[in-house]
Amino acid sequence: QALGSCRQLGEYAQLAFTLLAVGIHDAASARWAAARDNLSRAREIVHGLKDRRLWEDVVSHRGHLEFYAGDFAASLECYQAALESAEARADKQMINRCQSGIAAVNLASNRTAEAHAILKETNSYGQLALCLLRMGDEEGALGYALKVKDRFKGPRTKYYVLKAFASTAEVFLRLLERGLEHAPAPPARGSVFS
């Protein structure tokens, strides 16, 4: 209904924003084809409107979508395009979002050093925690993983922070595994009561 109303009224900026919102919802529900379609339509409209901020929003969310769908090359391309535009406008929030996305692609591609160079300048604590763990800094990894645990509370969370949760879960599990490897063996069954 919202899409029809926007078209009818000639409110193309609202139409693009609505398509973006629907695309985000589709991506969060893993409806990849529908999300791609809605985000592509939003991108076309926004390009015609010359609204750089909304264009960056659409393109960065397409980067999130492609990341979760497993197309890291397409994800990286989206994040880099949106980052270039955001840097030209000096939009710190969008720059951070895009840099975090690029770092996520680097982490997923086992380019830990490249990811770390980016993540130490962002607020992507979950990914930074995983990066530090892979670099051998268990204490630093735990510290950032605990920040993620304390940071996101509430009834709803945006789908694109799943990278932070997945990274944090991996940190906690790897640290637990390492702790169990070094723990003393439990006594054999029955030996305590014999």
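A residue is called buried under 20% relative accessible area, exposed over 50% and partly exposed in between (1.4 Å probe, protein chains only). By that scale Asp137 is partly exposed, because its relative accessible area is 34%. The model is predicted: local features need pLDDT of at least 70, side-chain atom pairs count only at pLDDT 80 or more, and totals for chains, interfaces and linings use all residues. Residues are numbered from 1 along each chain as its sequence is written, and side-chain values use heavy atoms, with hydrogens and water left out.

**Asp137**
- Asp137 sits in the loop between α8 and α9; helices (H or I, at least four residues) are DSSP runs numbered from the N terminus.
- From Asp137 to Ala88 the C-alpha to C-alpha distance is 35 Å, with their positions 49 residues apart in sequence.

**Nonpolar core**
- A nonpolar core is a set of buried Ala, Val, Leu, Ile, Met, Phe, Trp, Tyr and Cys residues joined through side-chain atoms within 4.5 Å.
- The largest such core has 42 residues, and the members touching the most others are Val46, Val58, Ile102, Leu107, Ala115, Leu119 and Val171.
- Helix α6 (residues 92-108) supplies the largest share of this core, eight residues.
- Apart from neighbours within four places in sequence, Val58 is in contact with Leu20, Leu39, Ala42, Arg43 and Val46; contact means heavy atoms within 4.5 Å.

**α8 against α9**
- The axes of α8 (residues 125-134) and α9 (residues 138-151) come within 8 Å and cross at roughly 160°; axes are lines fitted to C-alpha atoms, for helices over the stretch in contact, and angles run from 0 to 180 degrees between N-to-C directions.
- α8 is therefore roughly antiparallel to α9, a term for angles over 145 degrees.
- On the α8 side the contact includes Tyr125, Leu128 and Leu132, and on the α9 side Ala141, Tyr144 and Val148 are among the residues met.
- By class, this contact of α8 with α9 has nine nonpolar, two polar and three charged residues; Ala, Val, Leu, Ile, Met, Phe, Trp, Tyr, Cys and Pro count as nonpolar, Asp, Glu, Lys and Arg as charged, and the others, Gly among them, as polar.

**α9 against α10**
- α9 and α10 (residues 162-182) pack at about 135°, their axes 9 Å apart.
- That angle makes α9 oblique to α10, the term for angles outside the ranges under 35, 65 to 115 and over 145 degrees.
- Residues of α9 including Ala141, Leu142 and Ala145 meet residues of α10, among them Phe165, Val171 and Leu175.
- The contact of α9 with α10 has ten nonpolar, one polar and two charged residues.

Conventions:
Helix = DSSP H or I, 4+ residues; strand = E, 2+ residues; numbered from the N terminus.
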